[in-house]
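Grab a pencil and have a go at a few exercises on the structure below. Try each one yourself before you read the solution.

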Amino acid sequence: MTPIETLIDEAWRQCYLDPARARALGHELVDRGEMGWGDLHVALAEVRIGNEADALAAAQRARARFEAGGDPTGTALCDEVIAIHHRRVQNVDGCRALHRDIDARPGLRYTPVQDFVAQNSRAITAKLLGEPDEALRRFYAAVDAARRSGLAGPQVTALGNLGGYHQGLFNHADALDLCEQALERSRAIGARQAMATAMANLIMIHHAQGRHREALAQARALEACTAEVAPGTVGRFSTIVAIAHLGVGNLDAAQRLLDRGAVAGVADGDGVAQWAWLTARCLLARGDAAAAHRVVEDALA
């Protein structure tokens, strides 16, 4: 029988590589009596790819175990997951407050992969709160922690997240380099979710730089790789694929994707704003300025 410590190590290795596998390992740990680490990994996987209520419940169960056992690091890691849950349900201020509470606690001993989880979460929170300097500082800290961990999943996730944020700041050279690295590495190790995210970021970068044919080629690659990425992943990027079609004048293809509705991202308004912008552009291209105006006004409201 596989030792408990080996299962815990494997769950950390899989948590940003194959979250579903990490969740299964968490359940196996719980079944074998390791309630703290088991429920923690169930919670971390659920908060990223599963059910928010299940994530919170598992994190609270794990927290009670660690707190009862006098383990401040384990307790803090559960709070890291609870902070992510706050952000996922659009309580970004609550997420920030919990981060600050954790950071004020003495004696925490995070491993590099655990530090990656913490830094990456703080970076995303700072991004959503409109704090680019803090977000960049934390995203770079996440890259450093991921490299120190030696684990492939955190490394490709960190590169993709940093590249995606540079894209949002219009630092296109940095964004292109980082996202191409993320795509190459994620494809090599089979990190399906990271691979799709890198492709989506590259579509945006090519579009922003006026390389519309390259953006469309990347979009078609994303559409074609449904078998390679996690189920439903491509649908989450339908608005971004629409950008690529619109860039080369494929109005009907873009409209079919936009007709699916706005794709809501992490707890912010980017998905709705992007959908409204693109829908308005399609309507303007067809000469219907009045309808474009209504779409934008509705989104602003």
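What follows is a set of exercises on a predicted model, each with a worked solution.

**Exercise 1. The core**

Find out which residues touch the most other members of the largest nonpolar core, and which helix gives this core its largest share.

*Solution.* Start with the whole set: the largest nonpolar core has 82 residues. Next, look for the members that touch the most others: these are Trp 12, Leu 40, Leu 44, Phe 116, Ile 203 and Leu 222. Now turn to the helices. Helix α11, residues 192-208, supplies nine residues, the largest share of this core. Another core lies apart from it, with six residues, including Ala 276, Leu 283, Ala 291 and Ala 292. As background, nonpolar side chains in soluble globular proteins tend to be buried together.

**Exercise 2. Around Phe 116**

List what Phe 116 is in contact with, leaving out neighbours within four places in sequence.

*Solution.* Pick out Phe 116 and skip those sequence neighbours. You're left with Tyr 16, Ala 142, Ala 145, Ala 146, Pro 154, Thr 157 and Ala 158.

**Exercise 3. The cysteines**

How many disulfides are in the whole structure, and why does Cys 15 not bond to the closest cysteine sulfur?

*Solution.* First the count: searching the whole structure turns up zero disulfides. A disulfide is a covalent bond between the sulfur atoms of two cysteines. So check the distance for Cys 15: the closest cysteine sulfur belongs to Cys 78 and is 14 Å away, which is too far for a bond. While you're here, look at burial. Cys 15 is buried, as its relative accessible area is 3%, and Cys 179 is buried too, at 0% relative accessibility.

**Exercise 4. The cavity**

Work out how many cavities of 30 Å³ or more the structure has, and what lines the largest cavity.

*Solution.* The search of the whole structure gives one such cavity. The volume of the largest cavity is about 40 Å³. Around it you'll find Trp 12, Leu 40, Leu 44, Leu 77, Glu 80, Val 81 and Val 117. Sort that lining by element: α3 (35-49) and α5 (72-88) are the ones that give two or more residues, and α5 gives the most, with three. Then sort by class: six lining residues are nonpolar, none is polar and one is charged. Finally, compare with the first exercise: Trp 12, Leu 40 and Leu 44 are also among the core residues that touch the most other members.

**Exercise 5. Positive phi**

Where are Gln 90 and Phe 170 placed, and are they buried or exposed?

*Solution.* Most residues other than glycine have a negative phi. Gln 90, however, has a positive phi of about 70°, and Phe 170 has one of about 65°. Now place them. Gln 90 is in the loop between α5 and α6 (92-103), while Phe 170 is in the loop between α9 (152-168) and α10 (172-189). For burial, use the cut-off that exposed means over 50%. Gln 90 has 64% relative accessibility, so it counts as exposed. Phe 170 has 61%, so it counts as exposed as well.

**Exercise 6. Two helix residues**

Say whether Thr 125 and Arg 220 are buried or partly exposed, and what Thr 125 touches.

*Solution.* Thr 125 is in helix α7, residues 112-128, and is buried, with a relative accessible area of 0%. Leaving out residues up to four places away in sequence, Thr 125 touches Arg 87, Val 92, Cys 95, Arg 96 and His 99. Arg 220, in helix α12 (residues 212-224), is partly exposed at 48% relative accessibility. One last distance: 9.5 Å separates the C-alpha atoms of Arg 220 and His 245, which are 25 residues apart along the chain.

How values were computed. Residues numbered from 1 in each chain as written. Predicted model: local features only at pLDDT ≥ 70, side-chain atom pairs only at ≥ 80, totals over all residues. Heavy atoms only, no water. Core = buried A, V, L, I, M, F, W, Y, C linked by side-chain atoms within 4.5 Å. Buried < 20%, exposed > 50% of the residue type's maximum accessible area, 1.4 Å probe, protein only. Helix = DSSP H or I, 4+ residues; strand = E, 2+ residues; numbered from the N terminus. Contact = heavy atoms within 4.5 Å. Disulfide = S-S within 2.5 Å. 1 Å grid on protein atoms, 1.4 Å probe; cavity = no way out; pocket = protein on both sides within 12 Å on 5 of 7 lines; lining within 4 Å. Points joined across faces, edges and corners; volume = space filled by probe spheres on them. Nonpolar A, V, L, I, M, F, W, Y, C, P; charged D, E, K, R; others polar.
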